[in-house]
Structure formats: structure tokens, C-alpha cells
Amino acid sequence: MAMARRSASHLLSSFRPFSLLLQPHLADSPSPAAAAAVASARRAMAAASALRARDEKDVARWRESMARMRNIGISAHIDSGKTTLTERVLYYTGRIHEIHEVRGRDGVGAKMDSMDLEREKGITIQSAATYCTWKDYQINIIDTPGHVDFTIEVERALRVLDGAILVLCSVGGVQSQSITVDRQMRRYEIPRVAFINKLDRMGADPWKVLNQARSKLRHHNAAVQVPIGLEEEFEGLVDLVEMKAYKFEGSSGQNVTASDVPLNMEDLVTEKRRELIEVVSEVDDQLAEAFLNDEPITANQLKAAIRRATVAQKFIPVYMGSAFKNKGVQPLLDGVLDYLPCPLEVDNYALDQNKSEEKVLLAGTPAEPLVALAFKLEEGRFGQLTYLRIYDGVIRKGDFIYNVNTGKKIKVPRLVRMHSNEMEDIQEAYAGQIVAVFGVDCASGDTFTDGTVKYTMTSMNVPEPVMSLAVSPISKDSGGQFSKALNRFQREDPTFRVGLDAESGQTIISGMGELHLDIYVERIKREYKVDAKVGKPRVNFRETITQRAEFDYLHKKQSGGQGQYGRVCGYIEPLPSGSDGKFEFDNMIIGQAIPSNFIPAIEKGFREACNSGSLIGHPVENLRIVLTDGASHQVDSSELAFKLAAIYAFRQCYTSAKPVILEPVMKVELKFPTEFQGTVTGDMNKRKGIIVGNEQEGDDTIVVCHVPLNNMFGYATAIRSVTQGKGEFTMEYLEHNVVSQDVQMQLVNSYKAAKGTE
């Protein structure tokens, strides 16, 4: 469409000067050729204006459909009623036709309960997406993971969201996981509404929870509802914006009846409405002006002000209810429509790969080139189903799209919109929508464009894995399923790598931490019914050299027939700090001491030798190898001879270059109540951690330190025990650093002992 518009405008501009040129002559004697040219120009102008009118109509239609769309996530602490709330949302919107409880006696279970593993660990591992319709608005509900070991998954899921519901328990209040998910939402700048659940439970106190959210989460919030009764007497809610009382009747609370505010509650409701107006007017100038002038504030004025403040992330409206007792869910859905942003109101940024990942603000319109993110993969009956969030442009069935991460050109064979349990086939989808495609081979987090731009939605700099495990199937018959599982997990998660140990022949899986790898081993067992034998966790050490060392090695072997002959001379030296590569090979030979066709074999030999250093058998990096001289034999020299000469030459000079071991150092951020500061920092010092930052945030202390990964095994248990379960930590890879002399001796001795027993 954009191309048609451009060609029409080009046609128009090319005709305009021609018709102007003809005008003076036409007055005198219009020739047939000139008249035909003018008529042609007029036709082009009419075509261009018709195209423009059609474009404007299309854009208006697209804008209207985008304004009626919400992409939201539901996040909460474990057991706050998130699954129960989602079940009610799906029921009231007609997505499911009967309600099942999470631990119901019918044995069906809630719709959104996915992996057993997620339920057991109490964490979400994969993002899940579902779609429903409420009052002619389309709501895409994306379930978001909250754990840091799944950083890539978290980032993608939160990137797809435009808004969120934070569920809090009216008895438990603000709990540790509530703080974690809120921190992530703040980091990704997601507007949100809060929902205080379980008002029917003994000890429910929504006003205590509201104040906890202000003090612990630093929320600028206020209630938009007041409950009618609490605990067993919880009957309904009073809406402070509309000043109406709502009760929920019928077997599943599906009939909402509105009435006037009960007389015995008028004083409380007036006070809470005034508090709501005061809190919102602190962050909204238009409402503040009306409030200060003592003007009566209408429901529409207040609603508009709450929406402006919520979208700008300056205010969080607080809803209340009991999902289990089917009360308060429908007004919450209205709140999602009224106060959370549509895709047009959110700024999305891409990274331009042609300009070293420079940030680019996306216009978010169908007129721009296509930019879409694959944020979830699902193994379906018809092959791989890929969920796409479209940020810019249009995607059509049969179009060719480009995968920026792999550079492949792919045809879209089938485009669907997930609707209830069925898939609705569609011909095209616009910016702002979430759709699914079949038969597109890609990994989670890949970005697709139409080929005119090279944007990615998330950085392509995937962090290097920091920990490895040897895994193998216990039964030899299950090898096929085992390989299938590993291939799928690699596609879904770029931080999960699979390799083969050349010496032992074992399959090695690598990832971002203990939990990360444990989860994948467990998933192999559950989803593919393969029992896997797991080796000890192994830290990915590296080796490097600290000084220059010369080599001069002659490889000569005669065993009847053609022999082997190759001599290489030169030196190895450490690369200067800040170098881009980790290995450099320079051929400085002058003349033909070694024929040029053998040079690649020599480089290959050196690279192979670098895969395993002599200290502890780990890869050697940050070194430069310079070839200065050598010798060859007319008959006996071969590629194999020079490759072997290079390997032996490297081993000969490696010890003279004073090699050292490098270990991965992690950046660890600890958050715990200040009363435990002494014990936590003492434990960090024991683990050879270097504290680089320390700050207070309310009652909590945040400590940032750099700690060797080798000393962090089992730390999740340690921090819980020293902080009574109130502390939490996040860990990410920082760099590889030289180990101390005593650690090096220890590692070398244990490596030699292991080699000796083999």
C-alpha cells in the first residue's frame, strides 16, 4: 500500500510541471497531444487523491481497532490467587464455559495451570498467551515469568506487555515475590493497576495492604473501590468514580447489579473519594486545577485524570474483590479498559543492527516497514506455532519476511489469531496486534522485518553461559527423545547451550546458573519421559598466557612410504587488553620457507591446540600466534604434518609463556532487611566477594558485589537461612578474571588427580 502511494505521488509530481508547461500554449491552440497529456495528468491526480482517501480510511479503521486492544500481564506472589483470577477472567469473557478450581475435586484443574514443574517450584518458566473479548475490546493476557535465571524470557515477555495487573493478597499483603515482580515492572516501565484479592478470607484488611504498597513498593496509589463488608460478610463493592454500589449474583457471580451507595457507608465513601481525588490531583494538573477551585468533579473528569496518570506511570488505581467467591472481577476488567494503555500509547524502541545497536523509536503504524518479535514458541499438532507481536507495519499470509537474527528469508504459510480454543485464520495483521504463525522455523526472541530495515527488538548480545553440567540418558533407547528435547530447548532459549566433550564423549549442557540447568534437566524428565544422569556442576574456566614465548618445532616421521615432515618457528604472546577477538594468527614468513597452501593447516593446528590448555584442560584465549619461519620437504610435507607440528609446537612453548587460569566473576545484587547486614556481608567476604556498592531503600539494604562463580554454589539456600527467608539475590555474568595462586594450584592438582585415575 505504501509502495502504491509512493508511485502515485511520484506520477503526480512528474505530471505537474509538464501540465504547467503546457498551460500558456493551450490557451492559444490546444493540440491533441497536449490535451491528452493534461487529461492523463488529471487522471493521475484523481487516482492519487482516491488512494490517499483510502489510506486515510484504512489508518482510521486501524487506529480504532488499536484503541480497542489491551496487551496485559497478570503478576503476583505465589498463592495470591493469580490463577484463580485468570480463570474468572476467562469465564466472564466467554473464553471458557465452566469454572474449575486450582485444586478442585473434579480433577480438571484451572485452565492456566501449565507445567507441573511451574506449580511445584512456584515460578513461571515460560510465558503463556491467551486472548479474550470484553465489551468489544480485545484483551491479550500474557503470563510473565518472574525469575532472574530466565532473564531472556522475562525480558521478552515484559517487552510484549503494554500494561499489567499486580495481584496482592488481602491477608498476606505485600510479600517478597510481589516486590520482585513490581521491581521488574518498574524496570520495564509498565503502567499497572493493583487488585487486592481474597477479601472473603479471615483477617482480610485491604487498607493495611494499600498502605504496605505505599511504604514497601513506593506506589503512588489510592483505592477506586470500597468493599461492602469483609470476611464472611463481604457482599459487593462501591465504585468511587461512578458512586454506585455493585453486587454479584447468580451461581458464578455473572449477574452484576448496580444500586445506590448504602446509607451506612456514605461517610466512608465520601472520605475515600476525596482521598482518591487528592492523590490523583497531585500528579495531574487538570484535575488539580478543578480540585483547588472547589469545582464539583464529575465521574468522566476523574476517569480521564486517572487514565492520564496511570498511563504516565504516576499513579496506580487499586481494585478489590474475591476471585474465588466470584466478586469484583468484572469491574477489574472495566478498569483494564478504562485505565491501561492501548498499543498506540506506549513507546517501543528497536535496536538498529546497522548502527551498532543504536536505539530507534518505532512509530507503531502500519505504514512503516514490518518489525515483529517472536516472543513464544509452542509445539502444536501442526508443527511449531510462533507467537508474534507486531510493532510496525503489516504482515500478510504468503508474504516473505526476513529473520534478522539468522538472515533467512521465510514465507508466511499460515497466519492465525488465537481465539478461544480455536485458531481463526486471518489474511493480514497490523502493528500492535499479537498473532501466531505456523511453519516458521525460528527461535524465541527472533525479530522479523520485511527486509528494508535491520532492527532487533532485544539485544543480540546473548550473555555467555557460566555453568555446565554433563547429562546423559540412563536408558539407551531414549536417545532420540533426549536429542529432541535438547534441540527444542536450545531454540526456545539462546542462553541454553548444548555441546559435546571431545575427551569423554559426554553431552554437556551450559546455562546461566544452577536453577536454570536444574529446570531443564527436570523438564527433560517430565515432558519427554527421559530419565537423565547428571554430572557435577562445572564452572567454565579459561586459560591464558602472561608473557611471550618462542617455539621452534620439527615434526619428522618416517614409517616406510611417504613420511611426515614439517617445521614451524615463531612466538606466542598475550593479546593487548581490550582486543576484539580472543585468538589471532599472523603469518610473518618472508619468502617460501613454507608453501602458502600449508599455512591454513598450521592455523587450524594452533586453534585446535587452544581448545585445551595443559593446566586444567580448559580453552586458552586472549593470545596471538606469530609464524616467522619454518621448513618443508618436497615429498614428505603435507597438511597433516604441519597441523601436527603446530599442535606440538604450542604444547612445547605453552609452559614457558607462564599460563594462568581465568574464572567467571559474577555481579551479584543482594536485597535484604537492614537488620541482617552484618551476617550477609560477612558471608560474602568468606566467598571472596568484593563489595562495590551499598545503598538503603526503605527498610532494605541493597549490596552489589563481584564474586567468583565457583564460590556461589548453594548460595540460594545460604541467603535464605541467614535472612530468615527475607533476602533475595540476582546474579549475572560480569567477566573472566585471573584466579589467585593458591586456587590455581588447587585446580591444577585436582585436574592431575582426575587425569591420573582415568
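Me: What does contact mean when one reads this predicted model?

Reply: Contact means that heavy atoms lie within 4.5 Å. In this predicted model, A258 is a case to examine, and its place is in strand β10, residues 255-259.

Me: Which residues is A258 in contact with, leaving aside its neighbours within four places in sequence?

Reply: With those neighbours set aside, A258 touches K244, A245 and Y246. K244 lies 14 residues from A258 along the chain, while the C-alpha atoms of the two are separated by 6.4 Å.

Me: How should one read the burial of a helix, and which residues of α16 are buried?

Reply: The general idea comes from helix geometry: an α-helix has 3.6 residues a turn, so residues three or four places apart point the same way. In helix α16, residues 677-686, the buried residues are V680, T681, D683 and M684. These residues are on the same side of α16 because they cover an arc of only 155° around the axis.

Me: Which residues are exposed on the other side of α16, and what covers the buried ones?

Reply: G678 and K686 are exposed on that other side of α16. The cover over its buried residues includes the strands β35 (659-673), β36 (690-697) and β37 (700-708), together with helix α17 (715-722).

Me: What phi does K688 take, just after α16?

Reply: K688 takes a positive phi of about 60°.

Me: How many of the residues of helix α11 are buried?

Reply: Helix α11, residues 329-339, is mostly covered, with nine of its eleven residues buried. The buried residues of α11 are V329, Q330, P331, L332, L333, G335, V336, L337 and Y339.

Methods
Residues are numbered from 1 along each chain as its sequence is written. This is a predicted model: local features need pLDDT of at least 70, side-chain atom pairs count only at pLDDT 80 or more; totals for chains, interfaces and linings use all residues. Side-chain values use heavy atoms; hydrogens and water are left out. Buried means under 20% relative accessible area, exposed over 50%, partly exposed in between (1.4 Å probe, protein chains only). Helices (H or I, at least four residues) and strands (E, at least two) are DSSP runs, numbered from the N terminus. The arc is that of the directions from the helix axis to the C-beta atoms.
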